[in-house]
Amino acid sequence: MTTAQPLTELDVQPTPLALLLLGREADPRSERGVECPGDLPAPSDPDLVARARAAKERLGDRVFVLGHHYQRDEVIQFADVTGDSFKLARDAAARPGAEYIVFCGVHFMAESADILTSDAQKVVLPDLAAGCSMADMASAEQVAECWDVLTDAGVADGVVPVSYMNSSADIKAFTGRHGGTICTSSNAQRALDWAFGQGDKVLFLPDQHLGRNTAIRDLGMSPEDCVVYDPHRPNGGLSAEQLRDARMILWRGHCSVHGRFSLESVNEVRARIPGVRVLVHPECKHEVVAAADEVGSTEYIIKALEAAPAGSKWAIGTELNLVRRLADRFAPEGKEIVFLDRTVCFCSTMNRIDLPHLVWTLESLADGKEVNQIRVEADTAHHAQVALERMLALP
């Protein structure tokens, strides 16, 4: 009988993109690569932990460190709070006394924190190269052109934009200007229910999989109700008739991590580990979500494992740093937790925030040098906040 292997012993093999996935190379197509304006500590420095602790103590209550669930363990240990992107942005807003918000996450998350915090607070991203490939798949210019296509097709008046939290401030502002709302992976169904009460079609940005899964799995739509708008093709690759017939107009975007999981991954882990339950994030492809036992946000995944009985076996389809952390956390309770796929699946841009960048950031701030501040322009911030407030008001 095959038993589940501990996650640390799984045959997780690096791919040719290993350096990128570990955050040691840049992808100029999707990242905002910069050099630190100073000396970055060497990763081999044995005093990094002590230096980070000392700098954080020097700053005291002036600094509040946020750590996204997908961050490395070496970074998470210094986080004052951990969570998903929106929870962390709200946590930052709830700490008005903190002069510096150090966001260990990616660029769009830091933008959201800047929108929700006061003008007196400064949001800092330890490495400006920590972008998000999904967020970068929808630019303001592309979305404006899409709206022109919808207008020319005669459907724009009935379209309500719903943008995933994993989007740039510009896209959130577009959503606010056009009467739409933001959603998270936890409340996407409520956001779509609201949107269809305002219009007869939804433009869902930028993750096609979350939009499709919510429409089909939660709202009972059919695949034929959904079309995919490709910003790299004339008119999005769609005819006016297709746009008129569709209920869900999905942007052609995806998460580079969750998009890697396949139906083959699900079938393989079921054959290898009898009795395993498959739990995946709704950013996964529809066939993966349909084959899983449970589907939910990052917070849902954590709570499901907390409530799981001892001796249960789980294959998790989300970012590897989090899965490894959960496997270690619940191993003493006899819960066996494995990664859904055998190939490495770190979030490459999340992994750019490492201990040397965090040490450099904290020491710079402690020395009175303000670095890597994320600023959202006032008009953009206003309309993005309108969209965010609509989300907060969802029933």
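Buried here means under 20% relative accessible area, exposed means over 50%, and partly exposed is anything in between, with a 1.4 Å probe and protein chains only. This is a predicted model, so local features need pLDDT of at least 70 and side-chain atom pairs count only at pLDDT 80 or more, while totals for chains, interfaces and linings use all residues. Residues are numbered from 1 along each chain as its sequence is written, and side-chain values use heavy atoms, leaving out hydrogens and water.

**Stop one: Asp-73**

Select Asp-73, which sits in helix α3 (residues 73–76); helices are DSSP runs of H or I with at least four residues, strands are runs of E with at least two, and both are numbered from the N terminus. Asp-73 counts as partly exposed because its relative accessibility is 44%. Now show the side chain of Arg-325: a polar contact of 2.7 Å joins it to the side chain of Asp-73. (A polar contact is a pair of N or O atoms within 3.5 Å; within protein, one must be able to donate a hydrogen and the other to accept it, and residues adjacent in sequence count only if both atoms are side-chain atoms.) Add Leu-355 too: its C-alpha is 9.4 Å from that of Asp-73, although the two are 282 residues apart in sequence.

**Stop two: Thr-298**

Jump to Thr-298 in helix α13 (residues 298–307). With a relative accessible area of 5%, Thr-298 is buried. Which residues does Thr-298 touch, not counting those up to four places away in sequence? Light up His-69, Tyr-70, His-281 and Leu-322, where contact means heavy atoms within 4.5 Å. With Tyr-70 there is also a side-chain polar contact of 3.2 Å.

**Stop three: the sheet**

Keep α13 on screen and bring in β10 (277–280), β11, β12 and β13: the helix lies across these strands, running at about 150° to β10. (Axes are lines fitted to C-alpha atoms, for helices over the stretch in contact, and angles run from 0 to 180 degrees between N-to-C directions.) The four strands make an open, parallel sheet in the order β11-β10-β12-β13. β11 (294–295) and β13 (336–339) are the edges: each has a single partner strand, so one side of each has no neighbour in the sheet. Zoom in on β12 (residues 313–317), which pairs with β13 in the parallel sense over four bridges; pairing takes at least two DSSP bridges. Ala-315 stands opposite Val-338 in β13.

**Last stop: the cysteines**

Select Cys-146, buried at 0% relative accessible area, then Cys-226, buried at 12%. How many disulfides are there? Zero, taking a disulfide as a pair of cysteine sulfur atoms within 2.5 Å.
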